[in-house]
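Please open the structure in the viewer and follow the stops below in order. Each stop names what to select and then describes what is found there.

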Amino acid sequence: TMETAQIAVVGAGVIGLSTAVCISKLVPRCSITVISDKFTPDTTSDVAAGMLIPHAYPDTPIPKQKRWFRETFDYLLAIATSAEARDAGVCLIFRTAPTKEVPFWADVVLGFREMTESELKRFPQHEFGQAFTTLKCEGSVYLPWLEKRLKGNGALMLTRRVEDLWELHPSFDIVVNCSGLGSRKLAGDSTIFPVRGQVLKVQAPWVKHFIRDGSGLMYIYPGASSVTLGGSRQKGDWNLLPDAEVSRDILSRCCALEPSLHAACNIREKVGLRPCRPGVRLQKELLVQDDQRLLVVHHYGHGSGGISVHWGSALEAARLVKECVHALRTTVPKSQL
């Protein structure tokens with residue numbers, strides 16, 4: 001039979017929305033519903049600075065990470081050089097990194113090279129540095145743009161907290177789990193844990209260049225409507241409320257790097273919990289309860305690197321969904337046995 005496949009995507013961060021877009025492109029005759037307790041501007045992706053610099057996952061093969069990054073980079077580069085760039089929140093950015101070893105993604109970004117002596121003068125504490133051009137994809141602009149695309153394709157958005165994936169049976173044939181940290185409960189995954197990040201969003205329109213120290217723990221990233229100052233990495237910390245001491249620390253460290261920030265105004269605190277695990281979980285699972293079956297595709301655990309690889313891993317997730325739909329359509333329904 002060729003009836004419409006009912007697909008639920010759980011989670012509306014960058015992973016959930018991009019996976020839903022890729023499914024709508026790759027899977028014919030399907031109906032997509034994105035279900036989440038939080039949508040933009042209240043997701044982890046909205047807090048992210050959105051710089052395309054991969055974070056290596058120890059348990060994911062490097063060639064796969066590189067492919068995801070390359071596919072994401074190429075896709076976003078096409079947007080950055082199109083009329084959609086501003087609406088999508090995507091732009092090209094010149095970056096420097098004070099490190100010596102060449103990362104696996106060096107030939108994906110543009111113009112990767114060693115820094116010149118005069119460039120290094122800006123980093124007196126560093127002897128080495130690299131320079132390259134990469135992309136920035138601003139979550140708080142990009143997510144609404146993805147939502148608009150999805151709604152244009154006929155997808156539905158449903159604000160609801162899912163406590164158990166079986167709630168979605170039998171309304172949906174396939175469930176795509178993009179719930180990030182929610183997978184501790186929804187998938188019973190004890191390997192996923194939060195790494196808390198706190199940032200400040202400030203008005204300082206005169207700040208035009210990006211500054212980041214080698215560890216990536218301190219950064220100043222100008223964006224479309226504000227400058228993001230960071231940051232923090234607190235393992236196992238679930239607290240979503242801003243910590244005043246962390247904010248003071250971020251502000252004083254960033255002002256030391258860029259004294260003009262003393263004049264910044266309209267300081268807002270944002271907190272996001274990065275969904276970290278040793279590797280991204282991207283796989284099919286058939287859930288069975290009594291004689292009921294539920295097809296699930298898991299796609300979560302991107303930690304700090306979700307925006308950097310989201311499109312490549314979403315394409316792979318959509319291919320798994322396509323395999324599930326094919327299996328459904330070639331399986332004889334129980335009623336006919």
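Begin by selecting Tyr-75, which is buried, with a relative accessible area of 13%; the model in view is a predicted one. Next, add Trp-311 to the selection; this residue is likewise buried, its relative accessible area being 5%. Both values fall under 20%, the limit below which a residue counts as buried. The two rings have their centres 3.8 Å apart and their planes at 5°, so the pair is stacked. Planes under 30 degrees apart are what this term requires. Tyr-75 belongs to helix α3 and Trp-311 to helix α9 (residues 306–330), so this pair ties together parts that are 236 residues apart in sequence.

**The aromatic pairs**

How many aromatic pairs does the structure hold? There are nine. Another of them is formed by Phe-69 and Trp-105, which should be selected now: the arrangement is edge-to-face, with 6.4 Å centre to centre and 75° between the planes. Phe-69 sits in helix α3 (residues 62–80), while Trp-105 sits in the loop between β3 (90–97) and β4 (110–114). The pair thus links distant parts of the chain, 36 residues apart.

Are these two residues buried or exposed? Phe-69 counts as buried, at 0% relative accessibility, and Trp-105 is buried too, with a relative accessible area of 8%. Extend the selection to Phe-73, Phe-112 and Phe-132: together with Phe-69 and Trp-105, these residues form one aromatic cluster.

**Helix α3 against helix α6**

Now display α3 together with helix α6 (residues 139–152). The two helices pack at an angle of about 90°, and their axes are 15 Å apart. That angle makes α3 roughly perpendicular to α6. Which residues make the contact? On the α3 side, select Tyr-75, Leu-76 and Ile-79; on the α6 side, select Tyr-142, Trp-145, Leu-146 and Arg-149. Tyr-75, the starting point of this tour, therefore appears in this contact as well as in the stacked pair with Trp-311. By class, the residues of the contact of α3 with α6 comprise six nonpolar, no polar and one charged.

**Two annotated positions**

Turn next to the positions that UniProt, in an unreviewed entry, lists for "binding site": Tyr-219 and Arg-274.

Select Tyr-219 in strand β10 (residues 219–222). Tyr-219 is buried, with a relative accessible area of 11%. Apart from neighbours within four places in sequence, the residues in contact with Tyr-219 include Ala-49, Val-199, Arg-212, Gly-230 and Cys-254.

Then select Arg-274, found in strand β13 (residues 265–276). At 15% relative accessibility, Arg-274 counts as buried. Residues up to four places away in sequence aside, Arg-274 touches several others, among them Thr-44, Leu-181, Phe-193, Arg-196, Ser-232 and Ser-304.

**A last stop**

Finally, select Ala-48, in the loop between α2 (44–47) and α3. Is Ala-48 buried or partly exposed? At 30% relative accessibility, Ala-48 counts as partly exposed. Add Lys-270 and display the C-alpha atoms of both residues: these atoms are separated by 9.5 Å, although Ala-48 and Lys-270 are 222 residues apart along the chain.

Technical notes:
Residues are numbered from 1 along each chain as its sequence is written. This is a predicted model: local features need pLDDT of at least 70, side-chain atom pairs count only at pLDDT 80 or more; totals for chains, interfaces and linings use all residues. Side-chain values use heavy atoms; hydrogens and water are left out. Rings of Phe, Tyr and Trp (its six-membered ring) pair if their centres lie within 6.5 Å; planes under 30 degrees apart count as stacked, over 60 as edge-to-face and the rest as tilted. Helices (H or I, at least four residues) and strands (E, at least two) are DSSP runs, numbered from the N terminus. Buried means under 20% relative accessible area, exposed over 50%, partly exposed in between (1.4 Å probe, protein chains only). Axes are lines fitted to C-alpha atoms, for helices over the stretch in contact, and angles run from 0 to 180 degrees between N-to-C directions. Angles under 35 degrees count as roughly parallel, over 145 as roughly antiparallel, 65 to 115 as roughly perpendicular and the rest as oblique. Contact means heavy atoms within 4.5 Å. Ala, Val, Leu, Ile, Met, Phe, Trp, Tyr, Cys and Pro count as nonpolar, Asp, Glu, Lys and Arg as charged, and the others, Gly among them, as polar. UniProt positions are given in the numbering used here, feature names are shortened, and annotations may be inferred rather than shown by experiment.
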